[in-house]
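The following exercises train the reading of a protein model. Please study the sequence and the structure before attempting each task.

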Amino acid sequence: MKQILNKDFNIFLGEDVLEKLAETLINKEYSKIFVLMDTNTHKYCWPLFSPYLVNFIPIVIAEGEASKNIKQAEFIWETLLSNFADRNALLINLGGGVVSDIGGFCAATYKRGIDFINVPTTLLAMVDAAVGGKQGVDMLSYKNVIGVFKHPAEIYIYPPFLNTLKENEKRNGLAELTKHALIADKELFEKLIDIPLNDWSKINTFIFPSLKIKVGIVKKDPFEKELRKCLNFGHTIGHAVETASLLNDKVPLKHGEAIAIGIICEAYISKNIENLSGKEFKSIVEYISSRFPKYKQKLNPEELINYMRNDKKNREGNIHFTLLKKIGKAKVDQVCSSDLIMQSLNYYQNL
Ligand SMILES: NC(=O)c1ccc[n+]([C@@H]2O[C@H](COP(=O)([O-])OP(=O)(O)OC[C@H]3O[C@@H](n4cnc5c(N)ncnc54)[C@H](O)[C@@H]3O)[C@@H](O)[C@H]2O)c1
Ligand SMILES: [Zn+2]
């Protein structure tokens with residue numbers, strides 16, 4: 001079992017972590033244990049997980065981003081209340097980023113905060129969403145606008161959960177995993193490039209190094225004052241593309257697919273204003289283009305730039321970017337012209 005231990009939260013990763021979780025639950029003597037799942041994790045992960053628990057109350061919400069809202073949060077709070085959860089109760093979030101975001105938010109606010117444990121079941125949640133302490137829900141068409149910072153008490157990562165995850169969901173996580181390598185670890189990126197196309201058999205070995213990058217950054221800057229903004233590489237343009245796709249497309253892009261587009265565009269901007277070398281730029285474009293399907297819809301630069309202006313990361317009316325000086329080294333709070341943003345979108349579109 002691999003572990004990352006620190007004062008705010010502990011992370012355990014491996015095929016034997018569920019035994020470890022069972023042990024923890026016995027030692028902690030929680031008054032009641034609730035397990036939040038969505039309909040898919042109830043179907044695929046619960047059968048592997050439930051043998052390790054005694055005395056628990058399941059809470060199941062519909063799968064998908066549409067569940068990450070205040071109505072579902074109310075449903076979760078009501079379930080806690082109607083089962084007399086006190087401040088010594090525990091909520092376990094068994095699921096992807098949707099479950100850990102809304103579950104963490106509900107736990108952090110119920111009776112001013114009860115413990116929660118994340119058991120991520122998607123690649124994206126294992127390397128990103130379940131770790132870092134950002135919890136929240138969407139409102140109107142804005143993602144994550146209502147929320148809090150609060151770390152889970154512990155995180156248990158059991159890679160065999162990934163066996164039932166669909167390939168497009170694995171790709172979704174791959175985008176964030178690639179981002180971690182690009183901002184902090186060139187060698188890790190080179191190892192990712194070496195994975196043959198469509199071969200997911202080795203991806204589990206990338207979870208721990210990727211996680212260590214995120215945890216290292218979050219520990220130094222938990223409230224996103226400075227360093228944590230590194231994690232936004234690919235996300236200024238990626239979020240705008242994601243928002244436009246959610247509003248305009250019948251089958252909207254997944255977060256990671258939008259971030260993959262953002263990575264290419266923001267690497268283009270990095271080449272132009274941060275001297276990212278032509279060679280490194282090419283390797284990023286080749287890697288992303290070979291792993292992620294090309295987005296077929298027309299990108300509308302004016303619409304996208306409008307979304308970027310509304311991004312909560314901005315200050316003083318400027319659109320802020322995290323860019324790459326080179327692979328493995330990011331620079332936060334960079335501003336670039338609308339013209340260069342448009343050029344980068346054009347570059348992607350003409351690939
Ligand atoms: N808090 C953060 O720091 C942070 C970071 C990144 C993303 N997020 C949030 O995470 C969410 C996306 O997370 P996600 O990609 O994990 O999405 P998700 O939770 O919706 O899971 C994706 C799909 O996979 C299914 N699924 C989950 N585990 C499965 C398994 N083991 N087998 C089969 N199916 C399974 C789910 O039911 C769902 O249909 C977004 O809401 C995003 O805003 C949060
Ligand atoms: Zn992301």
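The exercises below concern a predicted model, and each is followed by a worked solution.

**Exercise 1. The metal site**

Task: Determine which residues coordinate the zinc ion (ligand 2), and how the donors are spaced along the chain.

Solution.
Step 1. The zinc ion (ligand 2) is coordinated by three residues: E176 through OE, and H235 and H255 each through NE2, at 1.9 to 2.1 Å.
Step 2. Along the chain, these donors follow the spacing E-x58-H-x19-H.
Step 3. Helix α7 (residues 167-184) holds E176 and helix α10 (residues 235-248) holds H235, so this pair ties together parts that lie 59 residues apart in sequence.
Step 4. Both E176 and H235 are buried, a class that requires a relative accessible area under 20%.

**Exercise 2. The division of the chain**

Task: State into which domains the chain is divided, and how many residues of each are in contact with the other.

Solution.
Step 1. Domain 1 covers 2-164, and domain 2 covers 167-349.
Step 2. Taken over C-alpha atoms, the centres of the two domains are separated by 27 Å.
Step 3. At the contact between them, 22 residues of domain 1 meet 26 residues of domain 2.

**Exercise 3. A nonpolar patch**

Task: Identify the residues that make the nonpolar surface patch of about 440 Å², and decide whether V145 is buried, partly exposed or exposed.

Solution.
Step 1. The patch is made by M139, L140, Y142 and V145.
Step 2. Of these, V145 lies in strand β8, which spans residues 142-149.
Step 3. The relative accessible area of V145 is 43%. The partly exposed class lies between the limits of 20% and 50%, and therefore V145 is partly exposed.

**Exercise 4. Two exposed residues**

Task: Locate A66 and L5, classify A66 and L5 by accessibility, and give the C-alpha separation of A66 from D138 and of L5 from E154.

Solution.
Step 1. A66 is placed in the loop between β4 (57-61) and α4 (70-82). Its relative accessibility is 68%, so A66 counts as exposed, the limit being over 50%.
Step 2. A66 and D138 are 72 residues apart along the chain, and their C-alpha atoms are separated by 8.6 Å.
Step 3. L5 belongs to strand β1 (residues 2-5). With a relative accessible area of 51%, L5 is also exposed.
Step 4. L5 and E154 are 149 residues apart in sequence, with 9.4 Å from C-alpha to C-alpha.
Step 5. When neighbours within four places in sequence are left aside, L5 is in contact with N10 and F12.

Note on methods
Residues numbered from 1 in each chain as written. Chains lettered and ligands numbered in written order. Predicted model: local features only at pLDDT ≥ 70, side-chain atom pairs only at ≥ 80, totals over all residues. Heavy atoms only, no water. Donors = N, O, S within 2.8 Å, 3.2 Å for Na, K, Ca; no water. Helix = DSSP H or I, 4+ residues; strand = E, 2+ residues; numbered from the N terminus. Buried < 20%, exposed > 50% of the residue type's maximum accessible area, 1.4 Å probe, protein only. Patch = residues over 30% accessible without salt bridge, like charges linked within 9 Å, V, L, I, M, F, W, Y side chains within 5 Å. Areas by Shrake-Rupley, 256 points an atom, 1.4 Å probe, with all protein chains shown as cover. Salt bridge = Lys/Arg side-chain N within 4 Å of Asp/Glu carboxyl O. Domains from an automatic or database assignment. Contact = heavy atoms within 4.5 Å.
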